[in-house]
Amino acid sequence: MRASNLLAWLRHLSSVRGINASTKQMLRMYRYHRVPFKIILNNILDLLDKYDARFTFTVVSSIANEELVQMILDRGHEIASHSLYHVKHQGLSFETQLGYIRRSIEMLEALGASVHGFRAPYNSYDNNTYACIDELGLLYDAGVRREEYLRSLTKPFHMKIDGKDTRFLSFPVCHLSDELLDRLPQKTVLNSFLEVIDNMGGRDLSVLQLHPIRIGQPVYLGFLESLVKHLASQDYSMPTLAEVVEKKVPMPTVCLSGDIDCLTFSDYLRRI
Ligand SMILES: [Zn+2]
């Protein structure tokens, strides 16, 4: 399809469906999904193997399949829940949220994963979401919390909800995101990441949020490799989130994590 036709079609789609995503963002996702997801994932896994690094993929269970799950598990990485559908959890009833998260765990486990954590789609939470995570006995929440006061934390922490500590743990997440790659030159983004890592000064823990659909693109593999290579050279271990919670790893640690919420462009269109 020619780019101008595609743009016209995406504009039409967003006007008839009242879609929130910009046509620019839709076009970007169209381009990213031209590379089959299996190749994107393999690119990432091959690179991580070289540096003995692990990745925690939070996966929407309704788009998951056995091949995807096995590819990830066979190479020693972790799968966590990214809910049943890619919908905002905030504002949904406790029962609905519990149903979505429970079903997603059942589906991922039926495909062979052992699920210990959750991240809400669109990072959309409310107190019901947190109550569900505790109710289901999950060990951690991988939600992205980038508030200033969390930046100095160096360990997983229990959030306070209504004055009470949650049973599950949350993680301090680096305030940078690979989304910067859509706006800035790779070198600039890489330097920002390396600066943050160097300023961590060997502290215990941070989590880097990296979207597989972007960082597995052939054009960004150099960025990913420079990042992981730098971490390895600074003696950071790169374990899964569950390994950190279960205290199976030496510190200091940088965990790599990101969502898989669509395998194809039509998954993306269904979701927006
Ligand atoms: Zn997502």
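Here are a few exercises on the structure above, each with a worked solution.

**Ground rules**

This is a predicted model, in which local features need pLDDT of at least 70, side-chain atom pairs count only at pLDDT 80 or more, and totals for chains, interfaces and linings use all residues. Residues are numbered from 1 along each chain as its sequence is written, and side-chain values use heavy atoms, with hydrogens and water left out.

**Exercise 1. Work out whether the radius of gyration of the protein agrees with that of a compact globule.**

- Step 1: take the rule, 2.2 Å times the number of residues to the power 0.38, with the radius computed over C-alpha atoms.
- Step 2: put in 272 residues, and a compact globule should come out near 19 Å.
- Step 3: compare with the protein's own 18 Å, which agrees.
- Step 4: for a feel of the extents, the C-alpha atoms fill a box of roughly 50 × 45 × 35 Å along the principal axes.
- Step 5: look at the make-up, which is 11 helices and 10 strands (DSSP runs numbered from the N terminus: H or I of at least four residues for helices, E of at least two for strands).

**Exercise 2. Find the protein donors of the zinc ion and classify their arrangement.**

- Step 1: collect N, O and S atoms within 2.8 Å of the metal (3.2 Å for Na, K and Ca); water isn't among the atoms, so sites may look incomplete.
- Step 2: you get His82 (NE2), His86 (NE2), Asp259 (OD) and Asp261 (OD), at 2.1 to 2.6 Å from the zinc ion.
- Step 3: check the angles; the 4 donor atoms subtend 82 to 166 degrees, so the arrangement is irregular. Four donors count as tetrahedral if all angles lie between 85 and 135 degrees; four count as square planar and six as octahedral if opposite donors are over 155 degrees apart and all others between 65 and 115; anything else is irregular.
- Step 4: read the donor spacing along the chain, H-x3-H-x172-D-x1-D.
- Step 5: place two of the donors. His86 sits in the loop between strand 2 and helix 5, and Asp261 in the loop between strand 10 (253–260) and helix 11 (265–271), so this pair ties together parts 175 residues apart in sequence.
- Step 6: check burial; His86 and Asp261 are both buried (under 20% relative accessible area, with exposed over 50% and partly exposed in between, using a 1.4 Å probe and protein chains only).

**Exercise 3. Compare the surroundings of Ser83 and Asn123, starting from phi.**

- Step 1: Ser83 has a positive phi of about 75 degrees without being a glycine, and Asn123, also not a glycine, has a positive phi near 55 degrees.
- Step 2: Ser83 belongs to the loop between strand 2 (78–81) and helix 5 (94–110), while Asn123 is in the loop between strand 3 (117–118) and helix 6 (127–135).
- Step 3: Ser83 counts as buried because its relative accessibility is 0%, whereas Asn123, at 32%, counts as partly exposed.

**Exercise 4. Describe the largest nonpolar core and the contacts of Leu68.**

- Step 1: join buried Ala, Val, Leu, Ile, Met, Phe, Trp, Tyr and Cys residues through side-chain atoms within 4.5 Å.
- Step 2: the largest such core has 78 residues, and Leu68 and Ile260 are among those with the most contacts inside it.
- Step 3: helix 3 (residues 37–50) gives the largest share, 7 residues.
- Step 4: leaving out residues up to four places away in sequence, Leu68 touches Phe37, Leu41, Val59, Ile260 and Leu263 (contact means heavy atoms within 4.5 Å).
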